[in-house]
2 protein chains.
Amino acid sequence: MQGDVLIREVGPRDGLQMVRTILPTQQKLDWCRLAVAAGLHAVEVTSFVPAAVIPQFADAEAVAAGALRIDGLDPSALVVNLKGTRRALEAGLRKLTYVISASEAHSAANARRSTDMAIAEYARIREEFDTLFRTGEAELAFGIATAFGCTIQGAVSTERVLRLVDAACELGAEEIMLADTVGYAHPDQVSALFVKARARAAVPLAAHFHDTRGLGLANVLAALQAGVRRFDASLSGLGGCPFAPGATGNIATEDLAYMLEAMGWKTGIDLPALLALQARIRPWLHGERMESAVVRAGLPLTMASEESH
Amino acid sequence: MQGDVLIREVGPRDGLQMVRTILPTQQKLDWCRLAVAAGLHAVEVTSFVPAAVIPQFADAEAVAAGALRIDGLDPSALVVNLKGTRRALEAGLRKLTYVISASEAHSAANARRSTDMAIAEYARIREEFDTLFRTGEAELAFGIATAFGCTIQGAVSTERVLRLVDAACELGAEEIMLADTVGYAHPDQVSALFVKARARAAVPLAAHFHDTRGLGLANVLAALQAGVRRFDASLSGLGGCPFAPGATGNIATEDLAYMLEAMGWKTGIDLPALLALQARIRPWLHGERMESAVVRAGLPLTMASEESH
């Protein structure tokens, strides 16, 4: 028997940041409610970036406030600086992910600062957290974007990523997330990097894979084998980074949940309910690329019955 | 440094058996020529089934004869009975795969005979081979379809598959291929079954995965880890089984080759030439579902340069 694996739905954040449709706040919150009903409790609900940069997140405060009122939801949000962090905390969120690009080129394009300046910003945010909260009251995850390569600069060295892992440990991050922002990772690379990160970090590691070149679930398998038990995914593979040329969507939540459940891992997700959620939300994002093999093919006979308990 | 992995292109056989377009013989042979130019030497070029059953393969003799004249091509074909085998051998082919369904229900639908009767037919074909050829002059692979489950009957027991593996060994098969005909396999199942098969069989094992539920490349990773070094794949994931409801295409050759090459395995394939081949063939199959993540996203910067040697 396998153990627990946490799937974090990042559709309302990563999934929405490149779509043309601006979803009304109410639909974003309905999405969160349907997610909880499908057993998907951890949801990255929004991003506290300036509305001028990503108009989709102009309602971040309202989404956060609504999300906090949904029973059973464990909402988190993305932040990229101290200002956004203060907004998120004022809105009542206590679980945030701060993302730093391992690639200098992507850091400049995405956050308009060097990687070192981004680390310094994390330190300032950490200080704010330590002033406001006692241990366990709030979490500030440290996400490392372009950890497996970058569409602007190409290769990103392992040493560089591990230096960021060390910085995250020193600064007290409650979680370290390695992100393949542009879909460059392959299984051996995933395995090697997570094994090395694990040897340095005592806190939970999370993986965030994009399925740009089709290796998303193979990379999940490699990360699972390296001990990773937290995975980001996005409904029907929505997503991408507006500042990483050629980036496409995340691994599809439906396919990830299917693979893990088929293998006997406990995700807490009710697959038929998740497929029903997809059918509800798909029309809201008319014209957007939404792809899930399990949605297309359906659950196997061998599983459909098991899942109806 | 990793070793060699053989990718066998089954597009001209599995890939074409469900498409609406009947490709002219000349285009099938052009496909084989382009495959060789891209470093893809092993190609399953046709299937010797009655033309009434699959009209696409009415030109099996002509394809086989043409394929045997292509320098560097290592052609093989699928057979399902002694009659088809005789046709294939008369056409000059010396490498055949005979497929047996582990699922009784699929065996009845696909070959109109029981699994036991299918084993008896393999024995008759084997006898023909042993009469005509000395060891090493010809190869008759033993493919086990629906080895990981069946869309008609559901689960297929491991014991049943291993009984077929034992039969293949006793009957002297030169290769044993386990096929996930309908895309039910998950990585742990793949790993467990190949490890068990390996313990019984001294001949090379091959894997044939369909990507119906998105787990194709994760299953390849699991099979690689279990020691498998031969994989079937189909251009842009073309394929499916006309007698297995819900079956969709094979893993895409482009994505498989990309994953293996990225991981350092030697496939002999020139990825840019493979992508060029795809661009040539795609218009021939206008309107058919052809999906490859690597075709859509392109090769990563980190690889494009290496590949231009």
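**Close-up views of a predicted two-chain model**

**Figure 1. The largest nonpolar core and its most connected members.** Of the 202 residues in the largest nonpolar core, A:L178, A:F194, B:L178 and B:F194 touch the most other members. The model shown here and in the views below is predicted. In soluble globular proteins, nonpolar side chains tend to be buried together. Beyond its neighbours within four places in sequence, A:F194 is in contact with A:F148, A:L178, A:L205, A:A206, A:A207, A:F209, A:A223, A:A226 and A:V228. The contacts of A:F194 thus include A:L178, itself one of the four core residues named above.

**Figure 2. Helix α6 of chain A and its surroundings.** Helix α6(A) comprises the 13 residues 158-170. At 1.5 Å a residue, these should span 18 Å, and the end C-alpha atoms are 18 Å apart, so the expected and computed values agree. Which residues of α6(A) are buried? They are A:V161, A:L162, A:L164, A:V165, A:A167 and A:A168. An α-helix has 3.6 residues a turn, so residues three or four places apart point the same way. The cover over the buried residues of α6(A) includes the strands β4 (95-101), β5 (139-145) and β6 (176-180), together with the helices α5 (115-132) and α7 (187-200), of chain A. After α6(A) comes A:G172, which has a positive phi, near 85°.

**Figure 3. Strand β4 of chain A between two parallel partners.** In β4(A), 6 of the 7 residues are buried, and the strand is mostly covered. Strand β3 of chain A (residues 74-79) runs parallel to β4(A) and is joined to it by 3 bridges. Within this pairing, A:L96 of β4(A) stands opposite A:A77. Between β3(A) and β4(A) the chain passes through helix α3 (residues 82-90) of chain A, in a β-α-β crossover that is right-handed. The pairing of β4(A) with β5(A) is also parallel and is made by 7 bridges. One of the residue pairs here is A:Y98 with its bridge partner A:F142 in β5(A).

**Figure 4. Strand β8 of chain B and its two pairings.** Strand β1 (residues 6-9) and strand β8 (residues 230-233) of chain B run parallel and are joined by 4 bridges. B:R8 has B:D232 in β8(B) as its bridge partner. Strand β7 (residues 205-209) of chain B pairs with β8(B) over 3 bridges, likewise in the parallel sense. In this pairing, B:A206 is matched with its bridge partner B:R230 in β8(B). The connection from β7(B) to β8(B) leads through helix α8 (residues 216-225) of chain B and forms a right-handed β-α-β crossover.

**Figure 5. A buried serine in a loop of chain A.** A:S234 is found in the loop between β8 (230-233) and α9 (253-262) of chain A. Is A:S234 buried or exposed? Its relative accessible area is 0%, and A:S234 is therefore buried. Apart from neighbours within four places in sequence, the residues in contact with A:S234 are A:E9, A:V10, A:G11, A:G15, A:N250, A:I251, A:A252, A:T253 and A:E254.

**Figure 6. The relation between chains A and B.** A turn of 180° with a shift of 0.0 Å along the axis lays chain A on chain B with an RMSD of 0.0 Å. The two copies are thus related as by a two-fold rotation axis. Which residue of chain A comes closest to the rotation axis? It is A:A218, whose C-alpha lies at 1.9 Å. Of the interface residues of chain A, 100% are also interface residues in chain B, so the copies meet through the same surface.

Notes:
Residues are numbered from 1 along each chain as its sequence is written. Chains are lettered from A and ligands numbered from 1 in the order in which they are written. This is a predicted model: local features need pLDDT of at least 70, side-chain atom pairs count only at pLDDT 80 or more; totals for chains, interfaces and linings use all residues. Side-chain values use heavy atoms; hydrogens and water are left out. Copies are superposed by least squares on the C-alpha atoms of residues with pLDDT of at least 70 in both. Contact means heavy atoms within 4.5 Å. Two strands pair if DSSP finds at least two bridges between them. A crossover is right-handed if, with the strands pointing away from the viewer, the path from the first strand over the helix to the second runs clockwise. The expected span of a helix is 1.5 Å times one less than its number of residues. Buried means under 20% relative accessible area, exposed over 50%, partly exposed in between (1.4 Å probe, protein chains only). A nonpolar core is a set of buried Ala, Val, Leu, Ile, Met, Phe, Trp, Tyr and Cys residues joined through side-chain atoms within 4.5 Å.
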